[in-house]
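Work through the two exercises below with the sequence and coordinates at hand, and attempt each task before reading its solution.

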Amino acid sequence: MSTILTLVELTHQGEVSASARGLLAAAASLGTPVAVVATPTPLSEDAISQLGALGATGIYQAVGAEAATVLGTPSVEALAGAVAALAPQAVLAANSVDGREIAARLAVRVGGALLADAVSLRTDGGQIVAEHSVFGGSYAVESTVEGGLAVITIRQGAIEGNAPAATPDVTTVELSGSGAGARIDAVNDAPVTSSRPELRAAKTVVSGGRGLGSKENFVLVEQLADALGAAVGASRAAVDAGFVPQTAQVGQTGVSVSPQLYIALGISGAIQHRAGMQTAKTIVAINKDGDSPIFDVADFGIVGDVFTVVPQLIEALGARAR
């Protein structure tokens, strides 16, 4: 089978990022997944075991101190080295801020082509075909690369399933140490203010809109999210009204999410919002206006008052848990 390289991003504590699971699952559906890591020190046995459990049949780790202090460049060099050594059919990266930059720089360096923000991948006649949700989610289009290496960024949360566990072969090389690029002088962790999942990568998201009416009423969204172990999102209208911070905004000018379950409470479903969530696997909408556009993309819809329906839902979830 063809080798598929996957860029595994690490936190500054050296932990494997949450995007690795989906990337390795996507790689396994196309060929043989090999994880590529730029790291200041060799990966720990725990990290190697974790990547094996996620499906990496091989690990190509490029080790050098600059991996901790230089933005982007070490990962580009690690991937370029892996491309030269392993001749892959494709390179996959998360469609994160860092992943997009690294993928674009790699495509230029190796003479490949970039397919950005894919929501699914498949093979057709030996070629990799990427599906994208474009123009505010109004269209699904497919793209492929004819000649050259395919470098693909994947929307976080879009790929389901897990790759079969493996015992990875580990290849260790040294980074060249060129050090070109912006440097990190210091890292200050933001205080953890919530135990809820991170919005972009969450498997379940509960979002609220202007229909909640006030910041005080928005607590209903948080209560349902906590009952489901979900992340909290919001429409732009709810953010503009001051119900929640802008970091919770889902949509074209906010965060794009592809969870297994997306629940929309009091959200009308403007195109700007649908663009950021309609690739969710299952969409549930609760709104008292049966003509709201959100019902056009919902798999299940409830026409009713969120202040009546949602408390009953939370109570039912609590009774089921007991």
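**Exercise 1. Determine how many helices and strands the protein chain has, and judge its compactness from the radius of gyration.**

Solution. The model is predicted, and its protein chain has 9 helices and 14 strands. The radius of gyration is 21 Å, close to the 20 Å that the globule rule gives for 322 residues, so the chain is as compact as a globular protein of that length. As a next step, take the extents along the principal axes, where the C-alpha atoms fill a box of roughly 60 × 45 × 40 Å. Turning to burial, with a cut-off of under 20% relative accessible area, 48% of the 322 residues count as buried. The chain exposes about 15,100 Å², and carbon and sulfur atoms supply 50% of that area. Finally, among contacts between residues at least 6 apart in sequence, 66% join residues at least 24 apart.

**Exercise 2. Find which residues of helix α5 are buried, and establish how they are arranged around the axis of α5.**

Solution. Helix α5 spans residues 219–228, and within α5 the residues Leu220, Val221, Leu224 and Ala225 are buried. Viewed down the axis of α5, these buried residues fall within an arc of 135°, so they line one face of the helix. The general background is that an α-helix has 3.6 residues a turn, so residues three or four places apart point the same way. Next, ask what covers the buried residues of α5: the cover includes the strands β10 (204–208), β11 (231–234) and β12 (261–265), together with helix α9 (306–321). Last, inspect the backbone just after α5, where Gly229 takes a positive phi of about 65°.

Key: Residues are numbered from 1 along each chain as its sequence is written. This is a predicted model: local features need pLDDT of at least 70, side-chain atom pairs count only at pLDDT 80 or more; totals for chains, interfaces and linings use all residues. Side-chain values use heavy atoms; hydrogens and water are left out. Helices (H or I, at least four residues) and strands (E, at least two) are DSSP runs, numbered from the N terminus. The radius of gyration is taken over C-alpha atoms; the globule rule is 2.2 Å times the number of residues to the power 0.38. Buried means under 20% relative accessible area, exposed over 50%, partly exposed in between (1.4 Å probe, protein chains only). Contact means heavy atoms within 4.5 Å. Accessible areas come from the Shrake-Rupley method with a 1.4 Å probe; for residues, only the protein chains shown count as cover. The arc is that of the directions from the helix axis to the C-beta atoms.
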